[in-house]
Amino acid sequence: MVGAWLLLWGALALSCRGEVAFLRHADDSTGRCTYSFTVPSPVESGCPDAGGVPELRAELAALTARLSRLESRERGAGGEAGRGIPQPQYAAPAPRLEPGCGELLRANSRLEEEKGRLERENEELGRRLESSAQEIARLRAARCPPGGEGPGRDPLPAPGEAPHWDPQPLTYQELQSERTEIPASRLLEETALGRPGSQNSAGCGELVWVGDPVVFGRAESIAGKYGVWMKDPEPLPPFTRETTWRVDAVGTEVRQLLQYQAPEQLAQGYPTKVHILPRPLESTGAVVYRGGFFFQPRRSRTVARYDLRGETLTAQREIPGAGYHGQYPYSWGGYTDIDLAVDETGLWVIYSTEKARGAIVLSKLDPETLEIRQSWETNIRKRGVANAFVICGTLYTVSSYSSPNATINFAYDTATGTSRALSVPFENRFRYLSMLDYNPAEQQLYAWDSSNMVTYPIRLSRD
Ligand code: CA
């Protein structure tokens, strides 16, 4: 009987010990390690009380002691960082000098890069400073009265005479541009100007949408910060509708007209030919039309036609009363007083006069003789808008040359002689719009935006 009991006890003990391995290890809410030791029993009532079995008790005691050692070792090694993760005892403390050395090398490399960047920036600023200094010197010279002290010196006031203050000083044009942009609502007067209308082409409509700009190329040097680029909508052989024209317009002696076989050559920077204009160009309002390059020669109220085949000036004509050289520029300045434009109906010139008191005057020109065929005086202040172009006999203006969320804000219809406010979104992606014109053959806008040559798709209403 006793033998049978011992046999049964032994079997149970072995059975219990065989499944003893349920040891759990977890973090509690205070960050301490907790260990749970469980001995399952297949027959609850048949498993003897562990507290009464010396062998199991000894084993439990050994395990408890081992767990205590592990826990105290863990606390000693880890603190917060080592919580719950036993730290290897052989790991030596991390050496601090080695990463310091690598850090120094990396910092040195960063400083070298920064130095290179600053040097390049410095060079560019130097070039810009020189260009601005030349411009200011030239402007000062221009302000001296005839027979005065000569270029570069401001005339001194006579004794007892108050110094003359010019309300629109001809300093570097762009500096004042920000101040001259005023809300569109203040520009539009209610008076409508009843003038005879012009002819509209079939298929024309009102501008209802301008798409995102598409970049075709980028000027490589500071001379191309602003400029002109375009194609001829009605070219004469040997030129085609793909022949592309470009002028980098920064500087005082802008004479180079670059000719490219197609926009791809422009993007690659390989002109087919460089034309040298007989007179330097001043405004970024130049256009190409029917084999002629039309532009405003520097410091004159003249419009000139340069024949692209003959490479000579074939016509020059003064625009009566037209402001020039900073008298009535667009809001960004840059001597954009006289802006030429081409649409479905022909060649236009956009400017202002003293008589119009700064409002935009629009004249239709004969493309051969440059005679004015007809003029319209609008109620849109020229300095209040960033640029303008003509589509189907309607003049459109842009609200800002720098805002990424600009709008086409006015339309002046020459057919009715009336203006109306618009709000067609227009994006100045590179924040410096210096030229904007319409190409009627492609029905898209050409623009120069901070060294970038871009186009904008457009949509016209079909009414
Ligand atoms: Ca324009």
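Two aromatic rings of Phe, Tyr or Trp are counted as a pair if their centres lie within 6.5 Å. With that definition in hand, good morning, and let us turn to the structure above, which is a predicted model.

I begin with the aromatic residues. Over the whole structure, a search finds 11 aromatic pairs. One of them joins Phe-389 and Tyr-396, whose rings are stacked, with 5.7 Å from centre to centre and 20° between the planes. Both Phe-389 and Tyr-396 are buried. Another pair, Tyr-401 with Tyr-432, is edge-to-face: the centres are 5.6 Å apart, and the planes stand at 85°.

What does this second pair tie together? Tyr-401 lies in the loop between strands E18 (394-398) and E19 (406-413), while Tyr-432 lies in the loop between strands E20 (418-426) and E21 (433-439), so the pair links parts that are 31 residues apart in sequence.

Is Tyr-401 buried or exposed? Its relative accessibility is 4%, and buried means under 20%, so Tyr-401 counts as buried. Tyr-432, at 11% relative accessibility, counts as buried by the same reasoning.

These two tyrosines also belong to a wider group: Tyr-226, Trp-332, Tyr-401 and Tyr-432 form one aromatic cluster. A lysine joins the picture here, as Lys-225 lies over the face of Tyr-432, 4.2 Å from the ring centre. Elsewhere, the charged end of Lys-382 sits over the ring of Tyr-330, at 3.9 Å from its centre.

I move now to the calcium ion. Which residues supply its protein donors? They are Asp-339, which is listed twice through OD atoms, Asn-387 through OD1, and Ala-388 and Leu-436, each through O. These donors lie 2.4 to 2.9 Å from the ion. Along the chain, they follow the spacing D-x47-N-A-x47-L. Of these residues, Asn-387 and Ala-388 are buried.

Finally, I come to a sheet. Four strands form an open sheet in the order E5-E6-E7-E8, and their pairing is antiparallel. Why do strands E5 and E8 each have one side without a neighbour in the sheet? Strand E5 (227-231) and strand E8 (273-281) stand at the edges and have a single partner strand each, so one side of each is left free of a neighbour there. On average, neighbouring strands of this sheet are turned by 20° against each other, direction ignored. Within the sheet, strand E6 (residues 244-248) and strand E7 (residues 254-260) run antiparallel and are joined by three bridges. Arg-246, for example, has Leu-258 in E7 as its bridge partner.

Thank you for your attention.

How values were computed: Residues are numbered from 1 along each chain as its sequence is written. This is a predicted model: local features need pLDDT of at least 70, side-chain atom pairs count only at pLDDT 80 or more; totals for chains, interfaces and linings use all residues. Side-chain values use heavy atoms; hydrogens and water are left out. Donors are N, O and S atoms within 2.8 Å of the metal (3.2 Å for Na, K and Ca); water is not among the atoms, so sites may look incomplete. Buried means under 20% relative accessible area, exposed over 50%, partly exposed in between (1.4 Å probe, protein chains only). Two strands pair if DSSP finds at least two bridges between them. Helices (H or I, at least four residues) and strands (E, at least two) are DSSP runs, numbered from the N terminus. Axes are lines fitted to C-alpha atoms, for helices over the stretch in contact, and angles run from 0 to 180 degrees between N-to-C directions. Rings of Phe, Tyr and Trp (its six-membered ring) pair if their centres lie within 6.5 Å; planes under 30 degrees apart count as stacked, over 60 as edge-to-face and the rest as tilted. A charge sits over a ring if NZ of Lys or CZ of Arg is within 6 Å of the ring centre and within 35 degrees of the ring normal.
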